[in-house]
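The following note was prepared for a colleague who intends to examine the structure. Please read its points alongside the coordinates.

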Amino acid sequence: MLFEIRGFRFCSSARMLAALVFILLCIQPGHGQVCTEGFAYDRRARQCIDVDECRTLPDACRGDMRCVNQNGGYLCIPRSLYNQPYRPETPVLPEPVYPDPSAGFSDTFLPAAPRSVEPSYPRVRSTAQCLLGYAPAEDGTCNDIDECETNSHHCNPTQVCINTSGGYTCSCTEGFWLIGGQCQDIDECRYGYCQQLCANVPGSYSCSCNPGFILNPDSRTCQDVDECEDEPCSHGCFNTYGSFMCNCDEGFELASDGTSCIDLDECSFSEFLCQHRCVNTPGSFSCICPPGYYVYEDGRSCEDINECDTGNNTCTTAQVCFNFQGGYTCLNPLQCHPPYIEVSDNQCMCSAENPACRDKPFTILYRHMDLSSGRSVPADIFQMQATTRYPGAFYIFQIKSGNDGREFYMRQTSNVSATLVLSRPIKGPKEVVLDLEMVTVNNVINFRGSSIIRLTIFVSEHPF
Ligand SMILES: [Ca+2]
Ligand SMILES: [Ca+2]
Ligand SMILES: [Ca+2]
Ligand SMILES: [Ca+2]
């Protein structure tokens, strides 16, 4: 389109020039003495030759204009223009790569360029010495023609005409570019003008960002939103590119909302976490033990408090403190019931010389032990042994009383010893008193006697 217009303009000028020359040639006389203005008859050559007005005319051009002789005339050209060879600007076409929509795309029109090296400026008279695009003013200078104002431009209706010195420019408004002579919307989205999301609109575009991003002040690029600044997490927050992540302190887990933290119920994980009882706490848990115990260093086991060692007991000085698992007891001083007499602080004896002692055990030894509730069976829990051995004697060990629940039995381990075996678990708290009897039989001297161990067993309430 542009070149068509130019071509037309050029052809038009050339045609006018050709017509002018033709006319001049036609009016040139054949006999050769009268020549048209600008030519002088040369007798030797017998023809009209050009007059160099620039040499012959004083002040052919005024001011800053320079005189250029032409065949049949001359031109006044501004010196600045003359020094720079007259060269039309090449119109800048939009580059379809990465447009800068802030600038419009324009078509620059300048006067037609001369076709050949030979000057072919229009033949002008001294009253019309202006280049195309300029018009002579009254003071003899040349004024730019405002083609936009005078409506003599060739911009199409989609374009905007901008007047320039000696020409004019057809420009597209911002956001449009010239395609096929028409200003068409630039599809900025097609050229990846937006970093993330793009919406093309006529004459413009708008960028937006994916969730988790915010549009930069350049309205094109997006930057990550640091969501952590708004403290969306109940505990820890990690900003990530396009999002964020919450984490929780130890003992908590992230709720399904992804931001809040809920306490872990460690107690529900395992029933073996604590030996006795588990108590869930925010962010943690703790083990507690029943009265009479303390929580061991490992935080989960229960250890018996030895009230007898700590002194934290109610026993009198006359009593003996006996510690057992989960408690203690105060043992009263030994009292031997007649006919028994006390021979030590834990033993009563019935003298053989005393007739009342006939058929009674010779000695009663008082012993105490503790036993865990529900202790696994069978378990050897107590040993007894004959302390004096008579030649020819043998010993029988048996449970004389207290074994009503049949939780115990005696197993003889040698001629002189036996072991008390727990055969059924006992559930505490309970106090079991067993009379363990050792019968001595000596057939040589026809002797039969017995001794008793009165064993008191404190069965604890708990299995530890
Ligand atoms: Ca657009
Ligand atoms: Ca982020
Ligand atoms: Ca917890
Ligand atoms: Ca205790």
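The points below address the calcium sites, a sheet and the salt bridges of what is a predicted model.

1. Calcium ion (ligand 1). The protein donors of this ion are two OD atoms of D185, the backbone O of I186, OE of E188, OD1 of N200, and the O atoms of V201 and S204. These donors lie 2.3 to 3.0 Å from the ion. Along the chain, their spacing reads D-I-x1-E-x11-N-V-x2-S.

2. Exposure of two donors at ligand 1. Are D185 and E188 buried or partly exposed? D185 has a relative accessible area of 25% and is therefore partly exposed. E188, at a relative accessible area of 1%, falls under the 20% cut-off and so counts as buried.

3. Calcium ion (ligand 3). Coordination here comes from two OD atoms of D263, O of L264, OE of E266, OD1 of N280, O of T281 and O of S284. The distances run from 2.3 to 2.8 Å. The donors of this ion follow the spacing D-L-x1-E-x13-N-T-x2-S. Among them, T281 is partly exposed at 24% relative accessibility, and S284 is partly exposed at 32%.

4. Sheet architecture. In which order do the six strands of the open sheet lie? The order is β26-β27-β28-β34-β33-β30, and the pairing is mixed. Strands β26 (341–344) and β30 (393–401) are the edge strands, each pairing on one side only. From one strand to the next, the twist averages 30 degrees.

5. The β26 edge. Strand β26 pairs with β27 (residues 347–349) in the antiparallel sense, over three bridges. In this part of the sheet, S344 stands opposite Q347 of β27.

6. Salt bridges, overall count and D52–R55. How many salt bridges does a search of the whole structure find? The search returns five. One of the pairs is D52 with R55, whose closest N and O atoms are 3.1 Å apart. D52 is partly exposed, with a relative accessible area of 23%. R55 has a relative accessible area of 73%, over the 50% cut-off, and therefore counts as exposed.

7. Salt bridge R411–D380. The side chains of R411 and D380 meet at 3.4 Å, N to O. This pair links distant parts of the chain, with R411 in strand β31 (residues 408–412) and D380 in strand β29 (residues 379–385), 31 residues apart. R411 is partly exposed at 34% relative accessibility, and D380 is likewise partly exposed, at 44%.

8. Salt bridge E437–K400. A salt bridge also joins the side chains of E437 and K400, at 3.9 Å from N to O. The pair links distant parts of the chain, 37 residues apart: E437 belongs to strand β33 (residues 430–442) and K400 to strand β30. Both β33 and β30 belong to the six-stranded open sheet of point 4, where β30 is an edge strand. Which partner is buried, and which is partly exposed? E437 is buried, with a relative accessible area of 7%, whereas K400 is partly exposed at 48%. The 3.9 Å separation may be read against the criterion applied, which requires the nitrogen to be within 4 Å of a carboxyl oxygen.

Methods: Residues are numbered from 1 along each chain as its sequence is written. Chains are lettered from A and ligands numbered from 1 in the order in which they are written. This is a predicted model: local features need pLDDT of at least 70, side-chain atom pairs count only at pLDDT 80 or more; totals for chains, interfaces and linings use all residues. Side-chain values use heavy atoms; hydrogens and water are left out. Two strands pair if DSSP finds at least two bridges between them. Helices (H or I, at least four residues) and strands (E, at least two) are DSSP runs, numbered from the N terminus. Axes are lines fitted to C-alpha atoms, for helices over the stretch in contact, and angles run from 0 to 180 degrees between N-to-C directions. Donors are N, O and S atoms within 2.8 Å of the metal (3.2 Å for Na, K and Ca); water is not among the atoms, so sites may look incomplete. Buried means under 20% relative accessible area, exposed over 50%, partly exposed in between (1.4 Å probe, protein chains only).
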